[in-house]
Amino acid sequence: MFDALSEKLELAWKKLRGQDKITETNIQEALREVRRALLDADVNLQVVKRFIEEVREAALGSEVIMGVNPDQQFIKIVHDELVKVMGDANVPIAQASTPPTIILMAGLQGSGKTTTCAKLALYLRKQGKKPLMVAGDIYRPAAIDQLKTLGQQIQIPVFDLGKTDPVEIARQGVEAARQQGCDYVILDTAGRLQIDLEMMAELERVKATVQPHEILLVVDAMIGQEAANLTQAFHERLGITGAILTKLDGDTRGGAALSIRQVSGQPIKFIGVGEKVEALDPFYPDRMASRILGMGDILSLVEKA
Amino acid sequence: GKTRLNLINQLKALVGRGPIDQDAIEEIEMVLLQADVGIDATERIIQALQKRMREEVLPPEEAVKYLKQQMRQMLTIGDPTFAPQRDRLNVWLIVGVNGAGKTTTIGKIAHVAQGSGYKCLIAAADTFRAAAVEQLKVWGERAGVEVIANPGQNTDPAAVVFDAVMAAQARGTELLLVDTAGRLQNKKNLMEELAKIRRIIDKKAPEATVEALLVLDATQGQNGLRQAQVFAEAAKLSGVILTKLDSTAKGGIALAITQQMHLPIRFIGAGEGLEDLRPFSSYEFVEALLSEY
Ligand SMILES: Nc1nc2c(ncn2[C@@H]2O[C@H](COP(=O)(O)OP(=O)(O)OP(=O)(O)O)[C@@H](O)[C@H]2O)c(=O)[nH]1
Ligand SMILES: Nc1nc2c(ncn2[C@@H]2O[C@H](COP(=O)(O)OP(=O)(O)OP(=O)(O)O)[C@@H](O)[C@H]2O)c(=O)[nH]1
Ligand SMILES: [Mg+2]
Ligand SMILES: [Mg+2]
């Protein structure tokens, strides 16, 4: 799946082969290949620059492990740095001390918010929770229908007020969840560009009104350099608490994962891996690092050494 | 972040009035990479520029002028005018990955075509996504164009296309727009389903002018090229529509696609409204790509 990327890294590592020490000069070429590979994987250019510096420092400061070649050691350093940037472990979804836990979904048009609302609701119910979904997108044609249809599919209720003020819909939706004794309330919102100030202000009002415990940025895993701008703007305005990366069932390398985490400091909590409502998995940084680098096998080799 | 500057000023800050140097080249490279042009296409553009620099010294204005020329050339494929042919059936098959903007774009095209006096019809061949037909019907109403749909859920999309082609032929329709479900290009069965739709159109409407247009979201990164490659095979693509150019993304992957696939870009989408469709202009696209960053 990640042929081009692993080939490139392979190439970089080959250049270290046969040498018994990582040095400033022999690492140069390898770092260039890593940079190339990460850019090819859509990691943001600025993020790549920072990352390469971290890898350089880590590599030069590393002790030589007996029995491990420098090339293998280098792979492990790159991988470990990637995991470090993306967070060391899976971070679970918030749980409020007094229910309902309020989750606000936000993101660009078509990123997968509405679908992910239903996936998350189903996921929570499988954990024995009682979720409610709220139809807060009054702009996209048939957005309310879409969420209701998904709700019917999974037998989870959807609160809607038709096309009225999204802030009011959110307020009443949370109130309804409280009255119905729900554990979670998931607010769907319309897709918006971060430069659409009016639409961003609307989200801020929703936030101020319902004070969500979790604000999740939903990002299409195929996104390019824009991931960093997008994350920065949404984070500055809303203070996101995490992200969900969708459409990872495709063949994209998903370098956005690195950018999102690096820019916001917030964890990616779930990944979307299909169009069906069951297709949601927790996010594991180490698996994502391996995916970006396409190097599962080599790693286990180094681990054994 | 970094202060936003126009490329020429940025280069002048580096080299003054003198010829551009390696630092200036790196600056240009950075702009292209940040616009999602991708490493390969970026290197090709830079190499051409360097070749030119060896022939003659280039001050910033000249370098940027040459750069823009190069890029416009990469984006110009075939006849730039693009419209359905009058008095005969045109079938435009609209395809792409999930959420790219297919359904919305069909609404916009229908609106323009209807306004230009074409007899139009829309086929709702996304029978999979929740409320996809309802969404398309809203767009049909906005444009004043009828939508042919199958009332059942999860029906065969090829059957809908078949019905729509029959209806179009019976009514003397000039433009039949076919909406399809979003699909990721690595899903073999879904791509095969698309190939089947294309075969039905070719077989049932041999008299028609068929266009298969890939809807590409401008915020997409390097995967966009892969999308174009695989969709080209399944749907026999004849062009690309670039959506969401009202975002801050530059859609640079389009350069790689036109260069490697020789597919023209036909329209751009720049908003969620009925009027937000424009013919593609390589001039505007390149200016926007290099404008500020
Ligand atoms: N293959 C795949 N498709 C997905 C995934 N998540 C969402 N989709 C699809 O992506 C498209 C857009 O999803 P939506 O849930 O409508 O996206 P949205 O963010 O709500 O869109 P707007 O409300 O228009 O901004 C649909 O075709 C979904 O089926 C995923 O993880 N994998
Ligand atoms: N800002 C902006 N949004 C757009 C544009 N084109 C489409 N959208 C939005 O993108 C989202 C997805 O658009 P759709 O037309 O549903 O996309 P699709 O490709 O049909 O999606 P699926 O059928 O689920 O695969 C919607 O919220 C649209 O309003 C555009 O040019 N600019
Ligand atoms: Mg939605
Ligand atoms: Mg659609």
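## Helices side by side in chain A

A helix axis here is a line fitted to C-alpha atoms over the stretch in contact, and the angle between two such axes runs from 0 to 180 degrees between N-to-C directions. Keep that in mind as you look around this structure, which is a predicted model. Start with helix H5 (residues 113–126) of chain A and helix H6 (residues 143–154) of chain A: they pack at an angle of about 25 degrees, and their axes are 9 Å apart. Angles under 35 degrees count as roughly parallel, so H5(A) and H6(A) are roughly parallel to each other. The crossing of H5(A) past H6(A) is right-handed.

Who does the touching? On the H5(A) side, look for Thr114(A), Thr115(A), Cys117(A), Ala118(A), Ala121(A), Leu122(A) and Arg125(A), and on the H6(A) side for Gln146(A), Leu147(A), Leu150(A) and Ile154(A). Sorted by class, the contact of H5(A) with H6(A) has seven nonpolar residues, three polar ones and one charged one.

## An oblique pair in chain A

Now turn to helix H3 (residues 45–61) of chain A and helix H4 (residues 70–86) of chain A. Their axes come within 10 Å and cross at roughly 130 degrees, so H3(A) and H4(A) sit oblique to each other. H3(A) goes past H4(A) in a right-handed crossing.

From H3(A), the residues making the contact are Phe51(A), Glu54(A), Val55(A), Ala58(A) and Ala59(A); H4(A) brings Phe74(A), Ile77(A), Val78(A), Glu81(A), Leu82(A) and Val85(A). The contact of H3(A) with H4(A) is made up of nine nonpolar and two charged residues, with no polar ones.

## An oblique pair in chain B

Chain B has its own crossing to look at. The axes of helix H1 (residues 7–15) of chain B and helix H4 (residues 60–75) of chain B come within 9 Å, with a crossing angle of roughly 140 degrees. That angle makes H1(B) oblique to H4(B). H1(B) passes H4(B) in a right-handed crossing.

In H1(B), the residues to find are Leu7(B), Ile8(B), Leu11(B), Lys12(B) and Val15(B), and they meet Pro60(B), Glu61(B), Val64(B) and Leu67(B) in H4(B). By class, you get seven nonpolar and two charged residues in the contact of H1(B) with H4(B), and no polar ones.

## Around ligand 1

Ligand 1 is surrounded by 23 residues, and the closest are Gly112(A), Lys113(A), Thr114(A), Thr115(A) and Arg140(A). Two of these names should ring a bell: Thr114(A) and Thr115(A) also belong to the contact made by H5(A). Residues from chains A and B surround ligand 1, so the two chains share this site.

Zoom in and a few polar atoms stand out. The side chain of Lys113(A) has an N or O atom 2.6 Å from an oxygen atom of ligand 1. A backbone N or O atom of Ser111(A) lies 3.2 Å from an oxygen atom of ligand 1. Asp249(A) has a polar side-chain atom 2.8 Å from a nitrogen atom of ligand 1.

## Around ligand 2

Where is ligand 2 in relation to chains A and B? It lies between them. There are 23 residues surrounding ligand 2, and Gly101(B), Lys102(B), Thr103(B), Thr104(B) and Glu272(B) are the closest.

Glu272(B) also has a polar side-chain atom 2.6 Å from an oxygen atom of ligand 2. Two backbones join in: a polar backbone atom of Gly99(B) is 2.9 Å from an oxygen atom of ligand 2, and a backbone N or O atom of Ala100(B) lies 3.2 Å from an oxygen atom of ligand 2.

## Two backbone oddities

Most residues other than glycine have a negative phi, and most peptide bonds are trans. Chain A has an exception to each habit. The peptide bond from Pro99(A) to Pro100(A) is cis, with omega near 5 degrees. You'll find Pro100(A) in the loop between H4 and strand S1 (101–106) of chain A.

The other exception is Ala142(A), which is not a glycine and yet has a positive phi of about 65 degrees. Look for Ala142(A) in the loop between strand S2 (131–136) and H6 of chain A.

Note on methods
Residues are numbered from 1 along each chain as its sequence is written. Chains are lettered from A and ligands numbered from 1 in the order in which they are written. This is a predicted model: local features need pLDDT of at least 70, side-chain atom pairs count only at pLDDT 80 or more; totals for chains, interfaces and linings use all residues. Side-chain values use heavy atoms; hydrogens and water are left out. Helices (H or I, at least four residues) and strands (E, at least two) are DSSP runs, numbered from the N terminus. Angles under 35 degrees count as roughly parallel, over 145 as roughly antiparallel, 65 to 115 as roughly perpendicular and the rest as oblique. A crossing is left-handed if the near helix is turned anticlockwise from the far one by less than a right angle, and right-handed if clockwise. Contact means heavy atoms within 4.5 Å. Ala, Val, Leu, Ile, Met, Phe, Trp, Tyr, Cys and Pro count as nonpolar, Asp, Glu, Lys and Arg as charged, and the others, Gly among them, as polar. A residue is near a molecule or strand if one of its heavy atoms lies within 4 Å of it. A polar contact is a pair of N or O atoms within 3.5 Å; within protein, one must be able to donate a hydrogen and the other to accept it, and residues adjacent in sequence count only if both atoms are side-chain atoms.
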